[in-house]
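Got your viewer open? Load the model, colour it by chain, and let's take a walk through it.

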Amino acid sequence: MKATRVFQLTALALVLVSAVQVGWWLLDQHAYTVEKVQVARATYAEQAAAAQALLDAGVSGARVEQLLPSIVVSDGRALLAPQLAQALTSEERRRYNQYAWEGSFFLLALAACIAVIARALRAEARVHEEQESFLALVSHQFKTPLASLQLSLETLALRAPPPDAARRLIERMLADVARMEQMVTQILESARLERGRIELKAEPLQLAGAAARVLVQLEERARVEQVAMASTIAPDLFVVSDPLALDVVVRNVLENALAAVHGGGSIALSARAANGAVQLEVRDSGVGFGRADGARLFEKFTRLPGGGSRYGTGLGLFIVRRLMELSQGSVSAHSDGPGRGATVTLAWPAAAAPTAVASLAAQTPPAQRSAPLEEPRS
Amino acid sequence: MSTASAATHVLVVEDDPHLAAGVMENLRAEGYEVTSAGTGEQALEWLATHGCALIVLDVMLPGVDGFGVCRSLRERGDSTPVLFLTARGDPADRVHGLEAGGDDYLAKPFHLQEFLLRVRAIVRRWEWYRSASATAATALLRFGGNEVDFRAFRARAWNGEAQELTEKEAMILKVLAEHGGEIVSREDLLERVWGYDVFPSTRTVDNFILRLRKRFEKDPANPRHFLTVWGVGYRFLKDGEP
């Protein structure tokens, strides 16, 4: 890394010196040409003056032209031969043109080199900066649950609380551990995604089935947090995606929605086919976001104020965006403003349903999955 | 500002609900009244109408960060002590926090006992300072043509110049004035003014004395009020050295 930087800086310095050299060479050549042309003009002028003197002294015009081949005599006046004057002017112009073309070509080439090197240096600086802030943020994200964990443990040790208070502390600690585990997973996932070291399959997958699997996993959490989750996805909607990626994307979006509505609310999933794509809409009644925050939502480490993403790593939606890009799909989010809920729309390329399933699905009504508040757990 | 309940009231500003809950439960168990705020804006809003003995302030908050909150408070003349909690524990960050007007600084994850100790130390220090400046007689100190108002942290020097005192300067002056004529050791000053070892060096005390001399002595190089007792500490003479 360091050697590359030294090489880049050296190359940059060399190119800069070359550019200055070329500039100096151009100026020098220009000055040289100007001088040469002036000398030639002065010589011709002297010859013309001499010829004129000869004419005035009574030498015949023909004799003068014979003596001085560059001079023509007309009406008793000695003049420089027109073809010579023209040749001088055109030679002068030719040289200037040559400098202009060659000079600009070289300078352009050098400028391109400088731009390429400067760009590389800037990109490297940006990567470095991102890594720094990544480390700072990651350590911050870990230290908070770690501090909470330590505090709970020390509280247990110091105060020997009654069983129900102890139980509350233990639950808090378990949640902290789960949080850290989730963070590790997400950080690894995002690191892999960022380096593009991930190969996604492209299979036809039933969207309703994938959503149902994730909903089952989140049922318990939704019940505890008093969030009603409902899904109406037609079973004949098939998308082209990687099965694991589809799972991760739907889970991250739903977990995000859960965090946004924590303390009660609703999340609704619906889907439709449009223009060769299948769209999944996840609508929540949560904290929403302002217009300015919408743009940052899918960037790394975006934590929006308002409580929703308190537990997040700030990586969930970044992972969603990368996975959707790699699946040739897209993701967007919309909110009417803070406190007014949000809708995340995921779109995949549509897949033709396997015929047997499609004909079967056409006869069954849309699947209804919901996890209402008091649904008994089996 | 300082009502009866405010003397034991602590404001906890922390955006992580688990950590906030843990800190609050422990403070309550120690007999403090506790209020919590999840963002810097909420904290500033609450502090505009309420007083408290201490603010436990997380640095990395969504929106205005902890340093920003502390700076806003100091700018509006609120001298409520602040204990910073932060995930970053490097010395540069620590200095940054103390410069922003914080009283103490604790890096996450922290030890519960140490946290409680520091809270107690800050609260006790300020309780002493407030009660020692409570009456009209103790709130004002006149010496050598200088006039110090301990409650407003302001002073008028012998040459008529208006002076804004920092909390630490005012506290040092208070300790010295309380022991007028007696020798106060550097360690005593550190203990009374800084409490826990935020600054481990007694050199810090010397620097503050130099600042006080510059503010209030007619000739800081030959002090008549803030006298050095070599190898021991300092002695304050209200009427000046005869």
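Before the first stop, one working definition: two residues are in contact if their C-beta atoms, placed from the backbone, lie within 7 Å. Keep in mind too that this is a predicted model.

**Stop one: chain A as a whole**

Select chain A and switch to cartoon. You should be able to pick out 9 helices and 10 strands. Now think about contacts in chain A with a separation of 6 or more: 70% of them are between residues 24 or more positions apart. As for burial, 28% of the 378 residues of chain A count as buried.

**Stop two: a helix pair in chain A**

Next, select residues 207-224 of chain A, which is helix H5, and residues 243-260 of chain A, which is helix H6. The axes of H5(A) and H6(A) come within 9 Å, and they cross at roughly 35 degrees. Which hand does the crossing of H5(A) and H6(A) have, left or right? It's right-handed.

Turn on side chains here. From H5(A), the residues at the contact include A:Ala210, A:Val214, A:Leu218 and A:Arg221. On the H6(A) side, look for A:Leu246, A:Asp247, A:Val250, A:Arg251, A:Leu254 and A:Leu258. Sort the contact of H5(A) with H6(A) by class and you get 9 nonpolar residues, 4 charged and no polar ones.

**Stop three: strands around A:Leu346**

Stay in chain A and select strand S9, residues 342-349. Then add strand S7, residues 277-284 of chain A; S7(A) and S9(A) run antiparallel and are joined by 8 bridges. Now bring in strand S8, residues 330-335 of chain A, which pairs with S9(A) in the antiparallel sense over 6 bridges.

Zoom in on A:Leu346. Which residue of S7(A) has A:Leu346 as its bridge partner in S9(A)? That's A:Leu280. A:Leu346 is also the bridge partner of A:Val331.

While you're there, follow the chain between S8(A) and S9(A). The two strands form a hairpin, with 6 residues between them. Click on A:Gly337 in the turn: its phi is positive, about 140 degrees.

**Stop four: over to chain B**

Hide chain A for a moment and show chain B. Its secondary structure comes to 9 helices and 12 strands. Of the 242 residues in chain B, 38% count as buried. Among contacts in chain B with a separation of 6 or more, 54% involve residues 24 or more positions apart.

**Stop five: a four-stranded sheet**

Find the open sheet of 4 strands in chain B, with the order S6-S7-S8-S9 and antiparallel pairing. Which strands are at its edges? They are S6 (140-143) and S9 (162-164) of chain B, each pairing on one side only. Look along the sheet and you'll see a twist that averages 15 degrees from one strand to the next. For a closer view, select S8(B), residues 154-156, which runs antiparallel to S9(B) and is joined to it by 3 bridges. B:Arg156 stands opposite B:Ala162 in S9(B).

**Stop six: a three-stranded sheet and its helix**

Another open sheet in chain B has 3 strands, in the order S10-S12-S11, with antiparallel pairing. S10 (183-185) and S11 (226-229) of chain B are the edge strands, and each has a single partner strand, so one side of each is left without a neighbour in the sheet. Here the twist averages 35 degrees from one strand to the next.

S11(B) and S12(B), residues 233-236, run antiparallel with 4 bridges between them. Click on B:Val229 to find its bridge partner in S12(B), B:Gly233. Then select residues 186-194 of chain B: this is helix H8, lying across S10 and S12 of chain B at about 70 degrees to S10(B).

**Last stop: where the chains meet**

Show both chains again. The contact takes 21 residues from chain A and 21 residues from chain B. What gives the largest share of the chain B side? Select helix H1, residues 17-29 of chain B, which supplies 8 residues. By class, the chain B side divides into 10 nonpolar, 7 polar and 4 charged residues.

Look at H1(B) on its own: its 13 residues reach 18 Å from first C-alpha to last, close to the 18 Å expected at 1.5 Å a residue. Buried residues of H1(B) include B:His18, B:Leu19, B:Val23 and B:Leu27. Finish at B:Gly31, which follows H1(B) and has a positive phi, near 95 degrees.

Definitions and conventions. Residues numbered from 1 in each chain as written. Chains lettered and ligands numbered in written order. Predicted model: local features only at pLDDT ≥ 70, side-chain atom pairs only at ≥ 80, totals over all residues. Nonpolar A, V, L, I, M, F, W, Y, C, P; charged D, E, K, R; others polar. Pairing = 2+ DSSP bridges. Axes fitted to C-alpha atoms, helices over the stretch in contact; angles between N-to-C directions. Left-handed = near helix turned anticlockwise from the far one by under 90°. Buried ≥ 20, exposed ≤ 12 C-beta atoms within 10 Å, placed from the backbone. Expected span 1.5 Å × (residues − 1).
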